[in-house]
Amino acid sequence: MHWDVTGDLLGECGPIRLGGFKHLLAPVLAAAAMSGRPWSVTNVPDIRDSHMLAAMLRDAGAEVVLDTTNRSMTVDARSLTRHRIDSRWSTQVHGGTYLLPALLAATGRAESGAHGGCQIGGGSGKRPIAHLAEVMSRFGAVCEVDGDAVTATAPAGGLRGTEIDLADFAEVEPVSGTLTGPHYSGASKTALLLAAAARGTTVLRNPYPKPDTVELARILGAQVERDLIVVEGAGGPIGAAAAHLPSDLMELVTFVAIAVAARRAVRLRLDRPELVREGLAPELGHLAEMGVPLRWDGDLLDVEGAHEIRPARIVAASHLAYSDAQPLFALMLSRATGPSVLTDAVWHNRFGYADGLGKLGADLTVRGHALEVRPSTLRPSGEDLHAGDLRAVATVVLGALVAGGRHRVHGVEHIGRGYEGLPEKLTRLGAHIETSERIAA
């Protein structure tokens, strides 16, 4: 799938409301699948992942109502009986991995084949699963991993609480000495979900620190301390809960990138801005270092198009900036007054946008796990532009709009998985976007 993008980003519009936080949605819906009472989730983003996760829950037997008009979803899992995740769903969205611990807790068994998603770093798009099987085994489950497939069976007495040091599933980022890596987040959320339904107390040491884990723990009623989460398990189905998702943190960074790269002002409307600011503390620190003006006023955020951007050295790691934000910082730092360096200590080869931005005139060099960004001016390119993951293709689309002219961008099928109505929002800012379906018609 491709888009043809033209126009500029100089149009005027009122506040842009951001969608709900994609990274928290999947584990919250997994928690709902373990409950003996209905769950209500609000500020649900109207993205493909929401629809796919709803379909996966329905396929397992749960009653699900997704109301995109009111941005809400209710899940009643009391009728959930199916323990296998069909590959027609799982290969399309990596958030389905969190349904594995949910089905294990709810039915005593969980099975699935491959789980898909973005082709981060140019990979196959398949997501690793063996580390999640290891977490499930810590709660007493018997797990078998065969290539991309996994089968897990709960013990006769049910899952039992345990103590897990999540450092076992992480690497050490050499500069800050903090934990990081591609398995750290998934292992932490899987352990937290299983702990809520297990029998007895679970102690999770050194959990992944971002809001998609910490806020999930709060929703589940866990005790959250620094580097420690303690969960008193229900020993069966968990209780009811109502979860209101904060605005999507990465969509916020995306629109900040638009303001910086296009030298224009953008106003955003947020849900739960205090949690957004807490979760983006490293990113906000880097933006301040770069000289990007931000003005917070209740649920509104005004981003000014800075005249001058200072260079920065940014490390994407689990306790530092999000790996998802790294491509967007590359676009912003191409405007800086000096060279910058971006290092990704989560997904080590996450520079799938470098070729596309390079064709537009960005001066970028990949050196191992780092990307050097030198001052450059984006300009129209006569070539097609390609990217293989959500943030990479969003970055290339923004770069094409900043460069001006008409560009065909491939890989945009990923955008619908993580951005709510991005073409419409960009149109409000002055862009013109034709999808391949519309062109074919």
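Strand 5, made up of residues 72-76, is a good place to start: four of its five residues are buried, so this strand is largely enclosed by the rest of the structure. The model is a predicted one, and what follows describes strand 5 and its partners before moving on to other parts of the chain.

Strand 5 has a pairing partner in strand 3, which covers residues 39-42; the two run antiparallel and are joined over four bridges. Within this pairing, Trp39 sits opposite Val75 of strand 5. Strand 4, spanning residues 63-67, also pairs with strand 5 in the antiparallel sense, here over five bridges. Val75 turns up again in this second pairing, as the strand 5 bridge partner of Val64. Val75 is thus matched with Trp39 and with Val64. Strands 4 and 5 form a hairpin with four residues between the strands, and in that hairpin Arg71 adopts a positive phi near 55 degrees. As a bit of background, side chains in a regular strand alternate between the two faces of the sheet.

Back at the start of the chain, strand 1 takes in residues 2-7, and Thr6 is part of it. Is Thr6 buried or exposed? With a relative accessible area of 14%, Thr6 falls under the 20% cut-off, so it counts as buried. Which residues does Thr6 touch, leaving aside those up to four places away in sequence? The contacts are Leu401, Gly405, Arg406, Ala431 and His432.

Another part of the model holds an open sheet of four strands, arranged in the order 10-13-15-14 with mixed pairing. Its edges are strand 10 (163-165) and strand 14 (223-225), each of which pairs on one side only. From one strand to the next, the twist averages 10 degrees. Strand 10 pairs with strand 13, residues 201-205, in the parallel sense, and three bridges make up that pairing. One of the matched pairs here is Asp165 with Arg205, the latter lying in strand 13.

Finally, a word on cysteines. How many disulfides does the model have? The count comes to zero, going by a cut-off that asks for a pair of cysteine sulfur atoms within 2.5 Å. Two of the cysteines can be described by their exposure. Cys13 has a relative accessible area of 26%, so it is partly exposed. Cys143, at 25%, is likewise partly exposed.

Notes
Residues numbered from 1 in each chain as written. Predicted model: local features only at pLDDT ≥ 70, side-chain atom pairs only at ≥ 80, totals over all residues. Heavy atoms only, no water. Buried < 20%, exposed > 50% of the residue type's maximum accessible area, 1.4 Å probe, protein only. Pairing = 2+ DSSP bridges. Contact = heavy atoms within 4.5 Å. Axes fitted to C-alpha atoms, helices over the stretch in contact; angles between N-to-C directions.
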